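Trainee: I am new to this structure and should like to understand the terms used to describe it. May I put some questions to you?
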Amino acid sequence: MFIREKIHSPSLNRILSRINRGEIMLVLIIPYLAYAAWKGSLPFPWWIVIPYAGLVAYANDRFVLVLKKLIARKRPLVTVAGKVDQNPDMKHSFPSAHASNSMTAALILVFLFGFPEWFLVLSLLAGIGRLLSLHHFPSDVLGGWLIGTCFGSLGLFLGRWLLPFLFGTT
C-alpha cells in the first residue's frame with residue numbers, strides 16, 4: 001500500500017516496464033563481454049558466456065514458472081491496485097522471475113566468468129523495479145533472489161567442473 005500511495009505512478013511504471021527486461025541486461029553484458037575478450041581477461045572462450053549463463057537462467061525460469069502456477073498467488077496489481085491484466089502470464093506473483101533470473105545470471109557472470117561485482121547490482125535493481133511497478137510483493141522478490149541464488153550456485157558448481165574439462169583450462 002505504501003508503494004501504491006507514495007511512489008507508484010503511471011509514468012514510473014511505464015519507465016520501469018521498459019528498462020526492467022532481460023534485453024537491457026544483454027545491452028550491458030555484450031559491450032563488457034567484447035571488452036573482456038579484447039583484453040583477454042575471460043577464463044573461458046568469450047562465445048560460451050551468453051549460452052552458458054542463458055542455459056542456466058532458462059532452467060531457472062522454467063522452475064520459477066512451475067512454482068508460479070503451483071502457488072498461484074495474485075499480483076499486487078490485482079490484489080492491491082485492483083487492475084485486471086488480460087495477459088495470462090501476469091496473474092501469478094510468487095516468486096519473481098525477474099529477480100530470480102537476474103540473480104542467476106549475475107552470479108554466473110561475476111563468479112564464473114569474472115565480470116565486475118557491480119553486475120550483481122543489476123539483480124537488485126530488477127527486484128526493486130518489480131516492487132515499484134507493483135508487479136510483486138517484497139516476499140516475491142526475496143523468494144526470487146533466493147531461488148536465483150540456488151540456481152546460480154548450481155550453475156557455478158557445474159561450470160567450474162564442466163567448462164575447464166571442455167576447454168582445457170585450469
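Mentor: The side chain of S123 lies 3.2 Å from the backbone nitrogen of M103. This is a predicted model, in which local features need pLDDT of at least 70 and side-chain atom pairs count only at pLDDT 80 or more, while totals for chains, interfaces and linings use all residues. Residues are numbered from 1 along each chain as its sequence is written, and side-chain values use heavy atoms, with hydrogens and water left out.

Trainee: What makes the link between the side chains of S123 and S102 a polar contact?

Mentor: A polar contact is a pair of N or O atoms within 3.5 Å; within protein, one must be able to donate a hydrogen and the other to accept it, and residues adjacent in sequence count only if both atoms are side-chain atoms. The side chains of S123 and S102 are joined at 3.1 Å, so the pair is within that limit.

Trainee: Why is S123 called buried?

Mentor: Buried means under 20% relative accessible area, exposed over 50%, and partly exposed in between (1.4 Å probe, protein chains only). S123 has a relative accessible area of 0% and is therefore buried. S123 is located in helix α7; helices (H or I, at least four residues) and strands (E, at least two) are DSSP runs, numbered from the N terminus.

Trainee: Which residues does S123 touch, not counting residues up to four places away in sequence?

Mentor: They are A99, S102, M103, A106 and W145. Contact here means heavy atoms within 4.5 Å.

Trainee: Why is I50 described as partly exposed?

Mentor: The relative accessible area of I50 is 33%, so I50 falls between the limits for buried and exposed. I50 belongs to helix α4, residues 49-71. Apart from neighbours within four places in sequence, I50 contacts L26, I29, I30 and L33.

Trainee: What makes I24 eligible for a patch on the surface?

Mentor: Patches are made of residues with over 30% relative accessible area and no salt bridge (a side-chain nitrogen of Lys or Arg within 4 Å of a carboxyl oxygen of Asp or Glu). Like charges are joined within 9 Å, and nonpolar side chains (Val, Leu, Ile, Met, Phe, Trp, Tyr) within 5 Å. I24, in helix α3, has a relative accessible area of 34%, so the area condition is met. I24 forms a nonpolar patch with V27, L28, W118, V121, L124, L125 and I128.

Trainee: Which element gives the largest share of the nonpolar patch?

Mentor: That element is α7, with 4 residues.

Conventions. Accessible areas come from the Shrake-Rupley method with a 1.4 Å probe; for residues, only the protein chains shown count as cover.
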